[in-house]
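The following exercises are to be worked through with the structure in view. Each task is followed by a solution in steps.

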Amino acid sequence: MRNADKRQQLNNSAEWAALARSLHLNRTARGLTIEQLARKAGVAHTTIQGIENGTPVAGLTTRVLVKIANALDIAVVARFVPFSAFVVPSGPPDVAEQEP
């Protein structure tokens, strides 16, 4: 599987969905619209909208996430996870993986 395919699976993963939900919940808990948060963080409103919608955001970096987090007065927590953790097997399982 190519890295681009693995990245796409990451974008569709539960991790990305959790990030989207967390941003939405934190923004709405503070009574901010997408546009208000974008101005406060100094990022494009399409960046906030894309993250919350779970769509790929061009130019999304850790620095951008930190700017958004600072605007919400929250922290960004990151971890390193191999792309293989998001790969869903496509095809029959290996013989070693089958139950007896």
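**Exercise 1.** Determine which residues of α4 meet which residues of α5, and how the two helices are oriented.

*Solution.* The model examined here is predicted.

Step 1. On the side of α4, the residues involved are Thr47, Ile48 and Ile51; they meet Val64, Leu65 and Ile68 of α5.

Step 2. Two packed helices are described by the angle between their axes and the distance between the axes. For α4 (residues 45–53) and α5 (residues 62–72), the angle is about 95° and the axes are 12 Å apart.

Step 3. An angle of 65 to 115 degrees counts as roughly perpendicular. Helices α4 and α5 are therefore roughly perpendicular to each other.

**Exercise 2.** Decide whether Ile51 is buried or exposed, and identify the residues with which Ile51 is in contact, leaving aside its neighbours within four places in sequence.

*Solution.*

Step 1. Ile51 belongs to helix α4.

Step 2. A residue is buried when its relative accessible area is under 20%. Ile51 has a relative accessibility of 1% and therefore counts as buried.

Step 3. With neighbours within four places in sequence set aside, Ile51 is in contact with Trp16, Leu19, Ala20, Leu23, Val57, Leu60, Leu65 and Ile68.

Step 4. Arg21 lies 30 residues from Ile51 along the chain, yet the C-alpha atoms of these two residues are separated by 9.0 Å.

**Exercise 3.** Compare the expected span of helix α2 with the distance between its end C-alpha atoms, and locate its buried and exposed residues.

*Solution.*

Step 1. Helix α2 comprises 16 residues (residues 14–29); at 1.5 Å a residue it should span 22 Å. The end C-alpha atoms of α2 are 22 Å apart, which agrees.

Step 2. Trp16, Ala20, Leu23, Asn26 and Arg27 are the buried residues of α2. These residues lie on the same side of α2, because they cover an arc of only 140° around the axis.

Step 3. An α-helix has 3.6 residues a turn, so residues three or four places apart point the same way.

Step 4. The exposed residues Ala14, Arg21 and Ala29 are on the face of α2 turned away from its buried side.

Step 5. Gly31, which has a positive phi near 70°, follows α2.

**Exercise 4.** Describe the surroundings of Asn26 in helix α2.

*Solution.*

Step 1. Asn26 counts as buried, because its relative accessibility is 19% and the cut-off for buried is under 20%.

Step 2. A polar atom of the Asn26 side chain lies 2.8 Å from the backbone oxygen of Ser22.

Step 3. Leaving aside its neighbours within four places in sequence, Asn26 is in contact with Leu72 and Ile74.

How values were computed
Residues are numbered from 1 along each chain as its sequence is written. This is a predicted model: local features need pLDDT of at least 70, side-chain atom pairs count only at pLDDT 80 or more; totals for chains, interfaces and linings use all residues. Side-chain values use heavy atoms; hydrogens and water are left out. Helices (H or I, at least four residues) and strands (E, at least two) are DSSP runs, numbered from the N terminus. The expected span of a helix is 1.5 Å times one less than its number of residues. Buried means under 20% relative accessible area, exposed over 50%, partly exposed in between (1.4 Å probe, protein chains only). The arc is that of the directions from the helix axis to the C-beta atoms. A polar contact is a pair of N or O atoms within 3.5 Å; within protein, one must be able to donate a hydrogen and the other to accept it, and residues adjacent in sequence count only if both atoms are side-chain atoms. Contact means heavy atoms within 4.5 Å. Axes are lines fitted to C-alpha atoms, for helices over the stretch in contact, and angles run from 0 to 180 degrees between N-to-C directions. Angles under 35 degrees count as roughly parallel, over 145 as roughly antiparallel, 65 to 115 as roughly perpendicular and the rest as oblique.
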